Amino acid sequence: MAEVIPQLDEQVDPGPRDAVGHFLFAWSQLSALGGAVLLFGACALSVYSVVGRWLFDAPVLGDVEMVQMACALAIAACLPYAQMKNAHVIVDFFTANASVGVRRTLDRIASLVLAVAAAVIAWRSFVGAVEAANSGESSMILGWPLWWSYLTLGPGFLLLSLTGLYTAWKGSMHNEVGEQ
């Protein structure tokens, strides 16, 4: 019996085909990969600290601060990829019976609102970094300067804003290749 097995290339979503979309998609993938690595590192640090506390009464000093910072950065890094993949959680209770055109219009409006909100968060992250650096604000246990934590959030939200603008302009990835 011959079994038909789809090729890997047939299963992979190629993403956008235009140059801007391709660039944003690739940048978003790289950002999400970095976020995943950070999140994995935060999990490993947390497990190491809990095991150290349990077995040797020696937790990692400042583990909660490091995990909080890593998780915030990981979330900011992964959100643009979710936007490009049209993978955000959608509550469609009111729009389930709406036409495709209405849903597409609402999706584009939501993408624009997301783009504006992400741009504001990116801007305020950069401003917060400058203010934290000027005031010498630092974390409570480790004494790390907080400005770099704010500064590292900005690029993820800036990329999220750009992907929001792109998806509002082009429509969701699924709308380009056909409704699912």
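These legends accompany several close-up views of a predicted model.

**View 1. A salt bridge joins Asp 63 and Arg 53.**
Welcome to the charged pair of this model. The side chains of Asp 63 and Arg 53 meet here, with 3.8 Å from N to O. The contact links distant parts of the chain, since Asp 63 belongs to helix 3 (residues 63-84) and Arg 53 to helix 2 (residues 19-56), with their positions 10 residues apart in the count "10 residues apart". Is Asp 63 buried or exposed? Asp 63 counts as buried, at 12% relative accessibility, while Arg 53 counts as partly exposed, at 41%. A search of the whole structure turns up 1 salt bridge. In general, side chains of opposite charge can pair when their charged atoms come close.

**View 2. Six named side chains make a nonpolar surface patch.**
Here we turn to the surface. Phe 23, Trp 27, Leu 112, Leu 158, Leu 162 and Leu 165 together make a nonpolar patch of about 540 Å². Helix 2 and helix 5 (147-170) are the elements that give two or more residues to the patch. Which element provides the largest share? That is helix 5, with 3 residues. Trp 27 is a good residue to look for in this view: Trp 27 lies in helix 2 and counts as partly exposed, at 33% relative accessibility. Trp 27 can belong to the patch because its accessibility of 33% passes the cut-off of over 30% used for patch residues.

**View 3. Phe 25 and Tyr 81 form a tilted aromatic pair.**
The whole structure holds 5 aromatic pairs according to the search, and this view shows one of them, Phe 25 with Tyr 81. The ring centres of Phe 25 and Tyr 81 are 5.9 Å apart, with 40 degrees between the planes. This pair also links distant parts of the chain: Phe 25 sits in helix 2 and Tyr 81 in helix 3, 56 residues apart. Phe 25 is buried, with a relative accessible area of 5%, whereas Tyr 81 is partly exposed, at 27%.

**View 4. Phe 93 and Phe 94 form an edge-to-face pair.**
The ring centres of Phe 93 and Phe 94 lie 5.0 Å apart. Why is the pair called edge-to-face? The planes stand at 85 degrees, and an angle over 60 degrees counts as edge-to-face, so the label follows. Both residues count as exposed, Phe 93 at 67% relative accessibility and Phe 94 at 76%.

**View 5. Charged ends sit over the rings of Trp 123 and Trp 169.**
Two contacts share this view. In one, the charged end of Arg 124 sits over the ring of Trp 123, 4.9 Å from the ring centre. In the other, the charged end of Lys 170 sits over the ring of Trp 169, again with 4.9 Å to the ring centre.

**View 6. Cys 43 is in no disulfide.**
How many disulfides does the model contain? The count comes to 0. For Cys 43, the nearest cysteine sulfur is that of Cys 71, 6.7 Å away. A disulfide needs sulfur atoms within 2.5 Å, so Cys 43 and Cys 71 do not qualify. Cys 43 is partly exposed, with a relative accessible area of 45%. Another cysteine to look for is Cys 78, which is also partly exposed, at 30%.

Technical notes
Residues numbered from 1 in each chain as written. Predicted model: local features only at pLDDT ≥ 70, side-chain atom pairs only at ≥ 80, totals over all residues. Heavy atoms only, no water. Salt bridge = Lys/Arg side-chain N within 4 Å of Asp/Glu carboxyl O. Helix = DSSP H or I, 4+ residues; strand = E, 2+ residues; numbered from the N terminus. Buried < 20%, exposed > 50% of the residue type's maximum accessible area, 1.4 Å probe, protein only. Patch = residues over 30% accessible without salt bridge, like charges linked within 9 Å, V, L, I, M, F, W, Y side chains within 5 Å. Areas by Shrake-Rupley, 256 points an atom, 1.4 Å probe, with all protein chains shown as cover. Phe/Tyr/Trp six-rings, centres within 6.5 Å; stacked < 30°, edge-to-face > 60°. Lys NZ or Arg CZ within 6 Å of the ring centre and 35° of its normal.
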